[in-house]
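Here is a quick tour of one protein model, written for someone who would rather look than scroll through tables. Have the viewer open as you read.

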Amino acid sequence: MGRLDRAERQCVILGVSGGIAAYKACELLRLCTEAGYLVHVVPTAAALRFVGEATWAALSGQPVATEVWDDVHEVPHVRIGRTADLVMVAPATADVMARAANGMADDLLTATLLTARCPVVYAPAMHTEMWEHAATQANVATLRSRGAVVVPPAEGRLTGSDTGTGRLPEPAELFEVARRVLARGTAGLKPDLLGRRVVVSAGGTREHIDPVRFISNRSSGRQGYALARTAAVRGAEVTVIAANVDLPDPAGAKVIKVTSAEELRAAVVDAAAFADAVVMAAAVADFRPAERRDIKIKKTGGEPEPIRLTHNPDVLTELSAHRRRSDQVVVGFAAETHDVIAQGRAKLDRKGCDLLVVNQVGEGLAFESPDNAAVVLSADGSAVEVPLGPKEDLADVLWDLVADRWGATGGADGRRGTN
Ligand code: CTP
């Protein structure tokens with residue numbers, strides 16, 4: 001996005017509450033301003049103990065309101081809340097979510113949250129015990145039930161020597177969430193996948209020949225990560241099985257890293273046992289070397305030895321044939337270079353999945369690109385064309401189609417998709 005006039009720029013309120021992760025909000029702020037958003041930072045008093053007002057003002061290029069009592073004649077919380085296209089609270093402490101869930105308005109940020117009529121995103125960060133506490137979880141459920149997006153914290157290093165769930169996702173990923181919610185507008189207010197568990201495989205497997213060489217493919221994992229990110233924004237509990245993906249973890253998703261097709265199979269089958277939907281976006285190698293050498297293969301001067309290959313398990317076919325629940329939706333991807341639709345239909349029948357996303361691949365198409373165009377084929381014979389656009393757009397269409405299928409089956413436990 002280039003620089004836009006003030007009137008055309010979307011307005012983001014960045015609420016910052018008092019946790020050590022406040023420093024990461026500086027990077028999030030920079031990404032938002034570079035993208036052309038007009039950002040007003042509303043730090044709580046505790047946040048200002050971690051990062052001072054001057055930093056927020058310099059990075060946003062805007063004055064920073066910290067008190068309901070500043071410029072009282074302008075009623076700042078009402079003005080700020082009304083003009084916002086998005087309010088994002090990052091980091092959101094247990095305290096700020098508790099106050100927001102209870103409708104308190106005892107500082108500028110909570111007062112702004114009460115006046116805001118735009119989508120609201122909370123990115124909590126805190127110690128694991130605080131996150132897991134029943135009070136925090138109840139507050140998160142309340143905020144979600146009112147339409148807020150709560151991005152679950154990531155696992156990893158916390159303050160001091162602690163590790164666990166509670167880390168603020170990487171700023172680049174939070175920025176993607178902000179962009180996504182802004183793109184969805186008021187639809188971003190509907191966490192329609194809440195209560196659903198989804199599994200997404202992403203990336204490309206590596207099949208080792210020896211300790212330093214492998215057979216792999218060009219899949220970057222971007223489409224799988226876009227699927228994970230959009231599902232998390234829409235409220236789903238997301239597990240990503242990531243094969244050799246060199247991207248920051250999608251905000252709100254649990255990421256399990258694997259290398260080979262066999263590892264990927266084990267992780268996906270495990271996670272699928274509890275899933276409402278499994279999307280196989282990973283490029284899984286069909287073959288692997290029959291033998292993996294323990295030591296590096298050396299040149300001998302003679303003819304190179306051929307590498308004998310053997311079949312890998314077909315995970316998508318296995319998942320489709322052995323569903324752990326009758327209403328589980330199984331989705332495959334197909335990358336084709338020619339006769340795209342006919343090849344896709346044949347593949348959907350062969351693999352037995354419910355939906356198949358068919359991409360045309362070739363130079364400059366699909367792989368490593370942030371954009372994608374595809375046709376989503378359904379087992380009932382229908383086809384939905386998704387024009388070239390961000391991979392998140394395709395992801396949203398796919399989740400809509402998955403939710404439609406849940407709606408049609410009603411679900412084993414009586415839940416229904418709300419689309
Ligand atoms: N897939 C899988 N396990 C494999 C290979 C592929 O689960 N061993 C999944 C992919 O994740 C993808 C779908 O199957 O969702 C299509 O993969 P693709 O390789 O295009 O299908 P193939 O059956 O291998 O067909 P082709 O003959 O075109 O290679």
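## Ground rules

Two strands count as paired if DSSP finds at least two bridges between them. Helices (H or I, at least four residues) and strands (E, at least two) are DSSP runs, numbered from the N terminus.

What you have here is a predicted model, where local features need pLDDT of at least 70, side-chain atom pairs count only at pLDDT 80 or more, and totals for chains, interfaces and linings use all residues. Residues are numbered from 1 along each chain as its sequence is written, and side-chain values use heavy atoms, with hydrogens and water left out.

## The whole chain

The protein chain has 14 helices and 19 strands. Its C-alpha atoms fit a box of roughly 80 × 55 × 45 Å along the principal axes. Of the 419 residues, 53% are buried, meaning under 20% relative accessible area (exposed is over 50%, partly exposed in between; 1.4 Å probe, protein chains only).

## A five-strand sheet

One open sheet runs β2-β1-β3-β4-β5, with parallel pairing. At its edges sit β2 (38–43) and β5 (149–150); each has a single partner strand, so one side of each lacks a neighbour in the sheet.

Zoom in on β1 (residues 11–16): six bridges tie it to β2, in parallel. Glycine 15, for example, has valine 42 in β2 as its bridge partner.

## Around β11

Strand β11 (residues 237–243) is mostly covered, with six of its seven residues buried. It pairs in the parallel sense with β8 (residues 197–203) over seven bridges, and six bridges join β11 to β12 (residues 253–258), also parallel.

Follow alanine 243 in β11 to see both links: it is the bridge partner of glycine 203, and its own partner in β12 is valine 258.

## Helix α10

How far apart are the end C-alpha atoms of helix α10? They are 16 Å apart, which agrees with the 16 Å expected for the 12 residues (222–233) at 1.5 Å a residue; the expected span is 1.5 Å times one less than the number of residues.

Because 11 of its 12 residues are buried, α10 is largely enclosed by the rest of the structure. Among the buried ones are Tyr225, Leu227, Arg229 and Val233. Just after α10, glycine 235 takes a positive phi of about 100°.
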